[in-house]
Amino acid sequence: MLLRPTVIASACLVSLTSIFFIARLYKRDNASASAWIPSFSRHGAEPCPDTLDWLLPLDLTYPVKYARRDIVVNPSPEAERLSVTKLPGPLFPDFQTIDLTDNGKVQLQQCQDPLVLDIPELSKRPVEASHMIFGISTTLKRLEDSIPSLLRWLPNTHAKLLVIAIKDDDVPEESKNRFHPADKTDMSSLQARMRKLGIDVTIVHPVSKHHSFSQRYFSLVRAMYDHRPSNTQWMCLVDDDTFFLSMPALVEMLAKFNPQEQHYVGALSEDWWSVTRYGMMGFGGAGVFLSIALAQVVNSKYQDCQDRSHTSAGDIRLRECISWHTRTKLTNILDLHQIDIHNDLSGIYESGRLPLSLHHWKGGGPDGNGYPLHTMHLVADVCGDCILQRWQFGADLLLINGFSIATYPKGGVDGLDLEKMEETWDRPTLVEGSENVNGVDHSLGPTRPKLNLTTEKLQYRLMETALVEGAVRQSYFRAGTDGDIDTLLELVWTDQPKPTAEMSQ
């Protein structure tokens, strides 16, 4: 589904709103984000409001069909995250046609009582990750642009972040291969701002001014090892667009391994052609995790590996070093995602699985605007690991929390094998003679065919997310087709009960 440019632009405005409130959630003593993140007003959390003026900046084409529902989450020891949780009855009341051309006033005719959803009792548990140090090699500009996403998973976990930074790579072509050091004052200023937001970051120059990009990535091992606290158990190499959806789940995954043994943990590419070309290695964007025992060996052989390798890819250089000096093999974690497939990734986001990591989310997608994980993830403030969780309502509606709402006019939901991932992306390059017939069977399979978005599956994609008076409001949009008008569906998530519709009228 394609959103009109005006809607996308407005969604970006709301993203800035979300960034501001994320920053406020992680403020420390005497810290302020106001100097570099603008503030916005909050409203729209009433269960049956008489105004929808927060929709006015979206520049929707009126009239539109509209419906809304409040959801109250209830942490329960009996609840668990299933592939699909089935519930009776409709999620929304009947659609109402609204027109806000002149002002935001409206008289909603359909208001249902809040829906109570049980979630696992521990889904909002705090996380302790002081035994982990993350490493990124990037430019100062890309690091600053990544702050909104880093704020969603890293602050106040006690994990360390080590960044090797160079000057912005917007330099003349003739000087691309020269070393462009970042300004010390700019590094210090950005480091101070990030620390005020709860990110325990240290920004350093490259280990050597002669290093290529792949050498700088590999040198993260040396830099992290030199800056590690005494209790460090895991060194984690990531890209500046690696996003972890659940730090508690990530810490839980690594706890299965003994860090005093040599462990190389990561994920293969989803694209089998890339695996056959580059090898059985942890692809960097998914996150690569070295136990402290393995990191010690790689660090001790650091210079030998730098001198010996001639690859242009840092994650390949790391894999080479591990294979040259140890017998350690990759432990492939399917829930870590490199994302080397393209175009519409709805099948991954709508699978009902909770990914540990996602990569390459800032661009691509069917509209070219990517997947705004830093705002999609806001609902986690209310319900923890419920992000991308699936609920089925009645026979034909699926809610994929934070991504989409979908209805299935031909045969309903029960006619689908929801344990299989819908193959919505472009078919990757296939390996001749391989039994991996879809090119992704080793990682995303089993899959099922893509559905037609006008006849078999009607998809309402998340357009906006905002914090509103302690709740999280989501707006899901579908453009009208065949002369029909557009539709906007809104959900307001809270962990506090609100007045019923009858009480509010």
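Tutor: Before we start, a disulfide here means a pair of cysteine sulfur atoms within 2.5 Å. Keep in mind that this is a predicted model.

Student: Okay, how many disulfides does the structure hold?
Tutor: Let's go through them with that cut-off of 2.5 Å. The sulfur atoms of C305 and C321 are 2.1 Å apart, and those of C383 and C386 are 1.5 Å apart. Both pairs pass, and the total for the structure is 2.

Student: Is the link of C305 and C321 left-handed or right-handed?
Tutor: Look at the angle about the S-S bond. For C305 and C321 that angle is 70 degrees, and the link is right-handed.

Student: Which helices does the C305 and C321 pair tie together?
Tutor: Both of these cysteines are buried. The pair ties together parts that are 16 residues apart in sequence, because C305 and C321 sit in two helices, residues 302-308 and residues 314-325. In that order, the helices are α10 and α11.

Student: Are C383 and C386 buried or exposed?
Tutor: The cut-off for burial is under 20% relative accessible area. On that scale, C383 and C386 are both buried.

Student: Moving to the sheet, which strands are at its edges?
Tutor: This is an open sheet of 7 strands with mixed pairing, in the order β7-β6-β5-β8-β11-β10-β12. An edge strand pairs on one side only. That picks out β7 (200-204) and β12 (330-332).

Student: Which residue is the bridge partner of F134 in β8?
Tutor: Strand β5 covers residues 132-139, and it pairs with β8, residues 234-237, in the parallel sense over 4 bridges. The partner of F134 counts as buried because its relative accessibility is 0%. That partner is C236.

Student: What angle does helix α4 make with β7?
Tutor: Helix α4 (residues 184-196) packs on the sheet and touches β6 (160-166) as well as β7. Comparing the direction of α4 with that of β7 gives about 170 degrees.

Student: And which helix lies across β5, β8, β10 and β11?
Tutor: You want the one running at about 115 degrees to β5. The largest nonpolar core has 97 residues, and the helix that gives the most to this core, with 6 residues, spans 247-254. It's α7 in both cases.

Student: Which residue touches F134, W234, M235, C236 and L336, among others?
Tutor: Within the largest nonpolar core, F134, L161, F289, Y349 and W493 touch the most other members. One of these also reaches L250 and L254, along with H263, Y264 and V265, not counting residues up to four places away in sequence. The residue is F289.

Student: Now the backbone. Which proline follows Y62 through a cis peptide bond?
Tutor: Most peptide bonds are trans, but the one leaving Y62 has omega near 0 degrees. The residue after it lies in the loop between α1 (5-25) and β1 (64-76). It's P63.

Student: Which proline has a cis bond from G445?
Tutor: Omega is near 0 degrees for that bond too. The proline is found in the loop between β17 (421-422) and β18 (447-448). Its name is P446.

Student: I339 and N343 both have a positive phi. Is N343 buried, partly exposed or exposed?
Tutor: Both lie in the loop between β12 and α12. I339 is buried, because its relative accessible area is 3%. Buried means under 20% and exposed over 50%, so N343, with 33%, comes out as partly exposed.

Key: Residues numbered from 1 in each chain as written. Predicted model: local features only at pLDDT ≥ 70, side-chain atom pairs only at ≥ 80, totals over all residues. Heavy atoms only, no water. Core = buried A, V, L, I, M, F, W, Y, C linked by side-chain atoms within 4.5 Å. Buried < 20%, exposed > 50% of the residue type's maximum accessible area, 1.4 Å probe, protein only. Contact = heavy atoms within 4.5 Å. Pairing = 2+ DSSP bridges. Axes fitted to C-alpha atoms, helices over the stretch in contact; angles between N-to-C directions.
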